[in-house]
Amino acid sequence: MKLTRKLVLAKAKASDLESVKKLNCWGCSLTDISILSQMPNIKVLTLSVNSIASLAPLSGCMSLCELYLRRNMIPSLSELSHLRLLTHLRVLWLAENPCCGTESAKYRLTVLRCLPRLQRLDNQVVTEDEIALAMMEGEVVTTPPVSVQTQLSTNGLPEAETENDPHNYNMEETNKIREELGMKPLSRDKFPSLSSPSTRETRSLIKKTHTLDAILLLLNDLNEEELRIVHTAAQNRLQTYTLDPETLTESLQVQKTVDIQH
């Protein structure tokens, strides 16, 4: 069953999709939720006890805070890649989906590595110790194959042009940095893909956030000496926001002198 505009407005008691902030579609036999790509302001979404297989339509729901997906048909944890950029997401209930598997501890650590901002997963509070452990022992969630995304995505929106794809943007930028540091480039499968944003503003926000994710991913591969180089570069960059032009010029001259001496 397809989630329609009429059904959304009736359940949310709203006049238009953009004004919907809470939606409860528990047990509606849903398989197609593509209309959610048109609801950027949704904050609390209940989709438990349905037959949903793809989370791609949720990638543009940038205001989403709580997401309930218990007892659906999510086939793989790779679908979580569509939730990576939802920076406000704090509550996720994913239990009783095929993707959860039989090893509950491994499943939980993998989800938390992919979505470390979560505060509650499957109705259990997430601790700081869990997040730290997840970063070491959780599996890396990869992006679903393009062919699978094409089959599962039903939002009817055209695919983004390659040169404008934020996925390409952050991969190229990250590999450029790696090249400058004398490191091997990362392959494309290290980066989560995105559904095409419906607005230019959303696209811009996603690009900025995705670039930050790429930089944070890169940090995991750096050794102590390389991290110090990044630390120095970051400090110099921060000075452009905290110093007046005259002080900045003097500071940069001092730094240049120190670099020459070393």
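A nonpolar core is a set of buried Ala, Val, Leu, Ile, Met, Phe, Trp, Tyr and Cys residues joined through side-chain atoms within 4.5 Å. Buried means under 20% relative accessible area, exposed over 50%, and partly exposed in between (1.4 Å probe, protein chains only).

The model is predicted: local features need pLDDT of at least 70, side-chain atom pairs count only at pLDDT 80 or more, and totals for chains, interfaces and linings use all residues. Residues are numbered from 1 along each chain as its sequence is written, and side-chain values use heavy atoms, with hydrogens and water left out.

**Exercise 1. Find the heart of the core.**
Task: Which residues have the most contacts inside the largest nonpolar core, and which elements give two or more residues to this core?

Solution.
- Step 1. The largest nonpolar core holds 47 residues, and Leu 23, Leu 80 and Leu 92 have the most contacts inside it.
- Step 2. Helix H1 (5-12), H2 and H3 are the elements that give two or more residues to this core. Helices (H or I, at least four residues) and strands (E, at least two) are DSSP runs, numbered from the N terminus.
- Step 3. H2 supplies the largest share of the core, 5 residues.
- Step 4. Now take Leu 80: neighbours within four places in sequence aside, Leu 80 is in contact (heavy atoms within 4.5 Å) with Leu 55, Leu 92, Leu 94, Val 111, Cys 114 and Leu 115.
- Step 5. For background, nonpolar side chains in soluble globular proteins tend to be buried together.

**Exercise 2. Lay out the fold.**
Task: What is the order of the strands in the sheet, and which are the edge strands?

Solution.
- Step 1. Begin with the inventory: the protein chain has 8 helices and 6 strands. Along the sequence they follow the pattern α-β-β-β-β-α-β-β-α-α-α-α-α-α.
- Step 2. The 6 strands make an open sheet of mixed pairing, in the order S1-S2-S3-S4-S5-S6. Two strands pair if DSSP finds at least two bridges between them.
- Step 3. Strand S1 (22-24) and strand S6 (124-125) are the edge strands, each pairing on one side only.
- Step 4. Zoom in on one edge: strand S5 (residues 120-121) and S6 pair in the antiparallel sense over 2 bridges. There, Arg 120 has Val 125 in S6 as its bridge partner.

**Exercise 3. Trace the salt bridges.**
Task: How many salt bridges does the structure hold, and are Arg 108 and Glu 130 buried or exposed?

Solution.
- Step 1. A salt bridge is a side-chain nitrogen of Lys or Arg within 4 Å of a carboxyl oxygen of Asp or Glu. The structure holds 3 of them.
- Step 2. Arg 70 pairs with Glu 96, with the closest N and O atoms 3.3 Å apart. This pair links distant parts of the chain, 26 residues apart: Arg 70 is in the loop between strand S3 (66-68) and strand S4 (91-93), and Glu 96 in the loop between S4 and helix H2 (104-114).
- Step 3. Lys 106 and Glu 139 meet at 2.7 Å, N to O. Here Lys 106 is in helix H2 and Glu 139 in the loop between helix H3 (128-137) and helix H4 (146-152), 33 residues apart. Lys 106 is partly exposed at a relative accessible area of 38%, and Glu 139 is partly exposed at 40%.
- Step 4. Arg 108 and Glu 130 form a salt bridge, their closest N and O atoms being 2.6 Å apart. Arg 108 lies in helix H2 and Glu 130 in helix H3, so the pair ties together parts 22 residues apart in sequence. Both Arg 108 and Glu 130 are buried.

**Exercise 4. Describe the surroundings of Ser 48.**
Task: Where is Ser 48 found, and which residues does Ser 48 touch?

Solution.
- Step 1. Ser 48 sits in the loop between strand S2 (44-46) and S3.
- Step 2. Ser 48 counts as buried because its relative accessibility is 5%.
- Step 3. Its side chain reaches the backbone nitrogen of Arg 70 at 3.2 Å.
- Step 4. Not counting residues up to four places away in sequence, Ser 48 touches Cys 25, Trp 26, Gly 27, Tyr 68, Leu 69, Arg 70 and Asn 72.

**Exercise 5. Follow H2 inward.**
Task: What do the buried residues of H2 pack against?

Solution.
- Step 1. List them: Tyr 107, Arg 108, Leu 109, Thr 110, Val 111, Leu 112 and Cys 114 are the buried residues of H2.
- Step 2. These buried residues pack against S4, S5, S6 and H3.

Terms used. A polar contact is a pair of N or O atoms within 3.5 Å; within protein, one must be able to donate a hydrogen and the other to accept it, and residues adjacent in sequence count only if both atoms are side-chain atoms.
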